[in-house]
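Work through the following exercises with the sequence and the model side by side. Each task is followed by a solution that goes step by step.

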Amino acid sequence: YGSVAKHIDPATRPSTINADHTHQWTVYVKACPPHPDLSYFIKKVSFKLHETYTNSLRTIESPPFEVTETGWGEFEVQIKIYFVAEANEKPQTLWHNLKLHPFGPDAERQRERKEPIISECYEEVIFNEPVEAFYDLLTSSGTGGAGRGKGSKGSKQASMGGKKGAQGERVAELPFDGTYSQKGEGMELDRLRQASKTVEAMVLEEQEKYHRQEKILAELRKEIDAEAQTS
């Protein structure tokens, strides 16, 4: 889940957009590639925007689960995910800080290139001991989650052909049908490694700033001591 924002060009600004608004942004909940669409287990998603927006609580009941608006300021968006009835699960609440301006170690170059500002978070949803109907929905093979309707031929075959353990018992494993692939896992690991490198670079930058400030402070103390001795 996350957001993407871009600066509004004054030369091409539509007349319908508030003159004070500087950016157009979209906040969203979506699956990481190459996973399928989320609608087979998500019923709807609500986005609680800043109270200054008309109808600040936006509920999206079909994919894409996103809200697009314009504005001038950054704020925290409450995202609430509601699961399908088969899940028998409470809604999950997430919080996202809407970013309109470049951030991080590459902020200046981002500003020069006038790139869209993307701020994303990765969240895994784990269902502990799901009820039978929801388990079958999550692990149905051949449909990739697309066969959402109850009693459909695809979903019936999938639940009957679900993965079994050595003694025929049901096991909490997702079938390998290409949806949950090593490639997808590798992509997530690459993103995590890149994020770790970015954080390390930011830490090193802050440490260098700290050492520079310490050096300047030490020189100032020497100057003050020298002036005190001569006076």
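**Exercise 1.** Classify E108 as buried, partly exposed or exposed, and describe its salt bridge with R111.

*Solution.* E108 has a relative accessible area of 53% and is therefore exposed, given that buried means under 20% relative accessible area, exposed over 50% and partly exposed in between (1.4 Å probe, protein chains only). The model is a predicted one, in which local features need pLDDT of at least 70 and side-chain atom pairs count only at pLDDT 80 or more, while totals for chains, interfaces and linings use all residues. Residues are numbered from 1 along each chain as its sequence is written, and side-chain values use heavy atoms, with hydrogens and water left out. The closest N and O atoms of R111 and E108 are 3.1 Å apart, which satisfies the criterion for a salt bridge (a side-chain nitrogen of Lys or Arg within 4 Å of a carboxyl oxygen of Asp or Glu). Because the two residues are 3 apart in helix α1 (residues 107-113), about one helical turn separates R111 from E108; helices (H or I, at least four residues) and strands (E, at least two) are DSSP runs, numbered from the N terminus. R111, at 42% relative accessibility, is partly exposed.

**Exercise 2.** How many salt bridges does a search of the whole structure find, and which parts of the chain does the one between K30 and E120 link?

*Solution.* The search finds 8 salt bridges. In one of them, K30 and E120 have their closest N and O atoms 3.9 Å apart. This pair links distant parts of the chain, since K30 lies in the loop between β2 and β3 and E120 in strand β8 (residues 117-120), 90 residues apart. E120 is partly exposed, with a relative accessible area of 46%.

**Exercise 3.** Describe the salt bridge between E206 and K209, and then name the residues that salt bridges with shared partners join into one network.

*Solution.* For E206 and K209 the closest N and O atoms are 3.7 Å apart, and both residues lie in helix α4 with a spacing of 3 residues, about one turn of the helix. E206 is partly exposed at 47% relative accessibility, and K209 is partly exposed at 35%. The network consists of D106, R109, R113 and E115, joined by salt bridges that share partners.

**Exercise 4.** Assign a geometry to the ring pair of F41 and F127, and do likewise for Y53 and F75.

*Solution.* Rings of Phe, Tyr and Trp (its six-membered ring) pair if their centres lie within 6.5 Å, and planes under 30 degrees apart count as stacked, over 60 as edge-to-face and the rest as tilted. The structure holds 8 aromatic pairs. The ring centres of F41 and F127 are 6.1 Å apart and their planes stand at 85°, so this pair is edge-to-face. Because F41 lies in the loop between β2 and β3 and F127 in the loop between β8 and α2 (132-139), the pair ties together parts that are 86 residues apart in sequence. F41 is buried at 10% relative accessibility, as is F127 at 15%. For Y53 and F75, the centres are 5.9 Å apart and the planes are at 50°, so the pair is tilted. Finally, ring pairs link Y40, F41, F83, F127 and F134 into a cluster.
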